[in-house]
Each structure stands twice: as structure tokens, then as C-alpha cells.
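Welcome! Take a moment to turn the structure around, and then we can walk through some of its parts together.

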Amino acid sequence: MERSELNIRRNRELLLAVLDRRGLLDAKPEALAALREASWGRTDLGAGVFYYPRSFFAAGNLRFLLAGTGGPDAPDAYPNERDGKRLLVLSREEISRDFEGERFSASGWKVLEGPRSWNNYLAIKEHLPFLAPASLRGERTTIGCGDRLGMAGPGHIRAARGFRVSPVLAQLSMRELKLTGRTYPRVVKDAAFAALQEGFDRGYGADGDHLKNIPDIDTALDAGMPMITLDLTEVMDPAPASWTDAAVEESFARLAEPVRRRTLDDYAGRTFSLGGASIAVPDIEAKRCALMYWKALEFTGEVDRHLRSRRGDAYDLEVSIDETTAPTVPAHHLFIASELARRGVTVNSLAPRFIGEFQKGIDYIGNPGEFEKQFAVHCAIAKAYGGYKISIHSGSDKFSVYPAIGRLTDLRVHVKTAGTSWLEAVRAASLQDPGLFRDLLAKAYEYFPEALKLYHITPDLARIPDPEGVADEDLPSYLGLPESRQLLHVSYGGLLNDPATGPRLFRFLADREELHYGCVGDHIRAHILRLGAPAHGR
Ligand code: ZN
């Protein structure tokens with residue numbers, strides 16, 4: 001037997017012996033729950049052997065945990081899987097062939113040690129159903145925690161766990177999938193294994209973000225994602241927003257008769273009183289809405305029927321019009337909400353484009369007073385037409401407006417974040433690997449022009465200090481400066497795929513996972529606190 005094989009066998013025996021000595025293998029589910037409650041992070045046993053006490057679950061005659069026994073990573077492992085972590089399944093009886101991996105016996109147990117793969121995710125969720133993403137339609141406050149690296153999940157869970165907030169852990173757009181080289185099944189199983197690692201059994205969501213057509217929606221549904229964010233930017237027509245009245249009249253006259261009749265009868269020249277808000281829809285604005293949104297509304301109805309046919313009632317449809325050119329004024333939001341209700345669309349959340357600027361990874365740009373006034377009207381519309389959640393896109397780092405958002409929605413809200421967690425990974429590097437951080441920053445300038453084609457941001461890069469003159473201990477200050485935040489924020493695709501920076505960053509984060517989880521957790525926790533969400537009482 002080869003030396004390394006012998007070592008792995010010894011390591012496996014060591015792990016099993018420790019689990020046995022600690023009484024885990026025969027523990028009742030209640031005892032395991034108490035153990036999870038009292039545990040934190042990973043327990044290292046030396047010689048590269050470790051396990052996560054919070055990941056220990058029992059179901060029927062099976063035991064599950066995440067652990068490492070010192071074996072090498074699979075040659076085809078994704079960068080975020082190169083951390084030695086494996087799924088262990090233990091039983092006194094034969095373990096189902098649904099699980100894939102190496103099988104052996106130790107301490108009187110049959111053991112399977114396998115990768116955190118899609119197949120093993122499918123197999124384990126049959127026994128631990130909370131590991132599969134669920135519809136969060138019934139949850140009051142939800143937070144989207146996009147994880148581009150597939151390594152930040154435990155940080156997200158630690159932040160959400162303390163509050164009455166449900167996390168949407170698996171959330172990626174097509175743009176992000178392409179830039180990171182991941183797929184929806186990978187995104188979902190990475191979230192599921194993060195939930196296992198943290199022993200998080202409260203349920204989490206999964207969001208196929210900014211999808212624009214049925215084939216893309218199907219790839220998310222096939223991966224079991226219950227939330228679909230339908231991006232209407234390509235089916236709506238933003239142009240009439242800036243047309244003259246005469247041009248609007250002329251085009252409106254060419255719409256089908258039933259569309260014209262409904263627009264004129266139900267909206268044109270009417271004033272709607274909703275809660276405390278009064279929303280006037282001038283004749284010309286009603287016509288403009290019909291021109292801008294009718295086709296998109298019909299498509300939304302089609303998507304809603306599709307989701308229902310695939311998932312019954314267990315889906316969360318988010319309607320997104322945030323990536324358009326003009327802010328969604330209240331009259332337009334009202335038209336959209338009312339028409340979605342008439343089509344019987346089950347809207348879980350809707351993302352308008354707000355006044356001012358919601359740029360990625362930095363605070364709100366605009367007049368907070370004006371924002372608050374208009375935001376209150378958006379909330380009144382959502383309440384009047386089905387009580388859906390207002391969704392805040394590019395929702396990270398808007399610290400100056402969160403208190404108003406929390407208060408005016410009464411915490412019935414979805415806040416979507418993504419890139420800000422990537423920035424926390426970069427922050428971790430700035431704290432403990434100055435050389436890596438400097439390389440990331442230097443390379444970000446190279447990838448920035450390409451990234452600008454995909455992201456709307458407007459930083460003045462000249463304001464970023466030359467790193468030559470910045471001491472290592474001051475490098476984290478780059479994560480405090482809006483301009484360098486945005487530079488690093490949008491360049492992730494290039495940085496992750498660059499052989500000089502990507503593998504090093506993944507390696508660093510795997511080696512310093514507690515630092516990484518701490519940065520991510522603290523940052524997301526700051527968002528939740530600022531929103532005003534109450535603590536999660538046990
Ligand atoms: Zn968005």
C-alpha cells in the first residue's frame with residue numbers, strides 16, 4: 001500500500017474514532033441539535049483531518065457530516081472545491097448507490113466519502129430536505145446573498161441566522177454565470193453544502209436572477225431554483241418615456257382596440273387613492289404605459305403560467321424593471337401592478353428603478369428625502385395590489401436609505417446583494433495577504449474597460465491613490481473608497497479567470513475561511529441591522 005493511501009486510511013480511522021469517542025455516532029437527533037447550537041466553525045484533529053460539528057445530522061439509519069481526511073482534491077474540482085472538504089455518509093447498513101464516492105469501513109461503520117457534487121446533493125436532500133432551496137413567499141423579510149465565488153455561503157448564513165430574515169443563498173444572473181464559469185446546478189449545490197456546513201436547517205431560497213427568456217428560466221428551474229427574477233428590460237419598450245405627447249398619441253392610436261379601451265377606461269385621467277397616497281395617472285401617461293409595458297405584461301403572464309406548471313405553488317416570481325433607462329415613476333408602477341393583478345400573476349416581489357442612483361457596491365446617490373417620499377408611494381402600490389414585496393436591486397451598501405426602507409416597507413421587503421460579498425473576499429486579502437491584494441488591484445485596472453460594457457457605474461478612477469505610496473496595513477482602506485470599490489467590484493470576472501490572481505485568491509480563501517466568513521458575515525449583518533430586522537429568538 002502506498003504511503004499516502006496508508007495515511008488517508010489512518011486519518012479516516014482517527015476521524016471515526018474521535019466521532020465515536022465524542023458520542024456523535026450514536027447520538028439522538030436532539031443531542032445533535034444541541035451540539036450544533038453549541039459549536040462553531042471547524043474542528044481540526046491534526047494531520048489534515050477536520051470536521052464541522054454543525055454539519056452533523058442523523059436521518060433514519062444514516063449519519064451525515066462535512067469533513068476532510070487529507071485526501072487530494074479531484075483533478076477536475078472547481079477552484080471553489082479545492083479545500084479538501086468531503087461529504088461523509090455513515091451507516092451500519094449498506095449505503096445507497098445514489099451517493100457517489102469511496103466506500104470503506106471503520107469503527108464498525110460503513111462509510112462513504114464523496115465530493116460535494118451535484119449527484120451527492122441530489123442524494124442527501126432526499127434525507128435532509130431543508131438542504132434543497134425552498135419558496136420564501138411566506139417569509140416577510142428576505143435578503144439576496146449572491147455568492148459569485150461559491151465560498152461565501154457560511155458567512156451569509158451566520159449573518160442571517162441571528163435575525164428574522166431568510167437568506168436567498170443561491171442567486172446568480174446569467175451574466176455572473178458566464179463571468180465565473182459556473183452553472184445553476186453548481187450554484188445550488190454550493191449553497192446546499194454551505195447550509196450543511198453551518199447546520200442551517202431553517203430553509204433558504206435560490207434565485208435565477210435577471211432572467212429574460214423561458215429557456216434561461218428553465219435552466220434555473222431544472223436546478224431546482226424556486227425564485228425567478230424576470231427581467232423585463234428586453235420585452236418592454238423604454239423609448240416612449242422620452243417621446244413627445246404627439247408621438248405617444250400617434251403610436252397609441254395604432255394599438256389593438258381592446259388594449260386602447262382598457263387603458264382609456266381604467267387609467268387615463270384617473271386618480272387613485274391608495275392608503276395615504278394619491279396617484280394621478282394623466283391621460284398621456286396612461287397611453288405611454290400601454291406603449292411601454294403591454295407586451296412585457298403579457299410575457300409576464302406567460303412566465304407566471306409556466307412557473308406554476310413546473311412548480312405548482314412553490315415558486316417566487318420577482319418582476320424586475322430596475323435595469324431600464326428611466327426611474328419607475330409611481331403612475332407607471334401602478335399601471336404595471338394593476339395589470340399584473342388583472343392577469344392573475346402571483347407576484348412575490350417587484351423591483352422598480354428608484355429615483356437617484358443605485359450603483360453597485362456603494363451608498364445611495366441622490367436626495368434621501370426625495371427617495372423616501374417616492375419610496376412610500378411605491379410601498380402603498382405594492383400593498384394595494386396583492387401585498388408583494390418591494391425588491392431593492394443593487395441593494396448592497398445603501399446604508400443611508402436602509403432605515404427608511406425597513407420602516408416604510410414594515411420589513412416586507414427583499415434586499416438583493418451580490419458583488420458586495422465578493423468585495424469582502426477582496427477585503428480579506430487586503431487584511432492578510434498584501435501581495436495578493438496589490439496584484440488584484442493592479443489587474444483590476446486591466447479588466448475594468450471590458451467590465452464597463454456590462455455594468456453601469458461612473459467612478460472617477462483618478463481619485464484612487466497609487467498603491468506604491470500605501471503601506472500594507474493601510475490596504476483595507478481601498479475597500480472604504482467608493483471609486484476603488486467599484487473598480488474591484490465589476491472586474492471580478494477577469495480577476496477570477498486570470499491565472500495569476502484567480503487560483504491564488506481561491507487558495508487564500510480556502511486557507512483562511514474563518515477570516516473570509518467573518519468579513520462577509522459582519523458586512524451582511526450590518527445591512528440587516530440597518531434595515532431594522534428583529535433578532536431571531538430561539
Ligand atoms: Zn437588478
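In which sense, right-handed or left-handed, does H4 pass H6 in their crossing? Helix H4 crosses helix H6 in the right-handed sense. Keep in mind as you read on that this is a predicted model.

## Two packed helices

Two packed helices are described by the angle between their axes and the distance between the axes. Here, H4 covers residues 153-161 and H6 covers residues 184-198; their axes are 9 Å apart and make an angle of about 60°. That angle makes H4 oblique to H6.

You can find the meeting place by looking for the residues involved. On the H4 side they are Gly153, Pro154, Ile157, Arg158 and Arg161, and they meet Ala194, Ala195, Gln197 and Glu198 of H6.

## The barrel

Next, look for the strands that form a barrel. There are eight of them, and following the barrel around gives the order S8-S9-S10-S11-S14-S15-S16-S17, with parallel pairing. From one strand to the next, the twist averages 25°.

For a closer view, pick out S9 (residues 166-173) and its partner S10: the two run parallel and are joined by five bridges. Along this pair, glycine 205 in S10 stands opposite valine 168.

## The zinc site

S10 also leads us to the metal. The zinc ion is coordinated by three residues at 2.0 to 2.4 Å: His210 through NE2, Asp322 through OD and His393 through ND1. Along the sequence, these donor residues follow the spacing H-x111-D-x70-H. Histidine 210 belongs to strand S10 (residues 205-211), while histidine 393 sits in the loop between strand S16 (389-392) and helix H13 (402-409), so the two histidines tie together parts that are 183 residues apart in sequence.

Are these two histidines buried or exposed? Both histidine 210 and histidine 393 are buried.

## A hairpin to finish

Strands of a sheet pair through backbone hydrogen bonds, either parallel or antiparallel. The parallel kind appeared in the barrel; for the antiparallel kind, turn to S12 (residues 270-274) and S13, which pair over five bridges. Within this pair, threonine 271 has alanine 280 of S13 as its bridge partner.

Together S12 and S13 make a hairpin, with two residues between the strands. One residue of the turn is glycine 275, whose phi is positive, at about 55°. S13 itself (residues 277-281) has two faces: Ala277, Ile279 and Val281 lie on the covered one, whereas Ser278 and Ala280 lie on the uncovered one.

How values were computed: Residues are numbered from 1 along each chain as its sequence is written. This is a predicted model: local features need pLDDT of at least 70, side-chain atom pairs count only at pLDDT 80 or more; totals for chains, interfaces and linings use all residues. Side-chain values use heavy atoms; hydrogens and water are left out. Donors are N, O and S atoms within 2.8 Å of the metal (3.2 Å for Na, K and Ca); water is not among the atoms, so sites may look incomplete. Helices (H or I, at least four residues) and strands (E, at least two) are DSSP runs, numbered from the N terminus. Buried means under 20% relative accessible area, exposed over 50%, partly exposed in between (1.4 Å probe, protein chains only). Two strands pair if DSSP finds at least two bridges between them. Axes are lines fitted to C-alpha atoms, for helices over the stretch in contact, and angles run from 0 to 180 degrees between N-to-C directions. Angles under 35 degrees count as roughly parallel, over 145 as roughly antiparallel, 65 to 115 as roughly perpendicular and the rest as oblique. A crossing is left-handed if the near helix is turned anticlockwise from the far one by less than a right angle, and right-handed if clockwise. Contact means heavy atoms within 4.5 Å.
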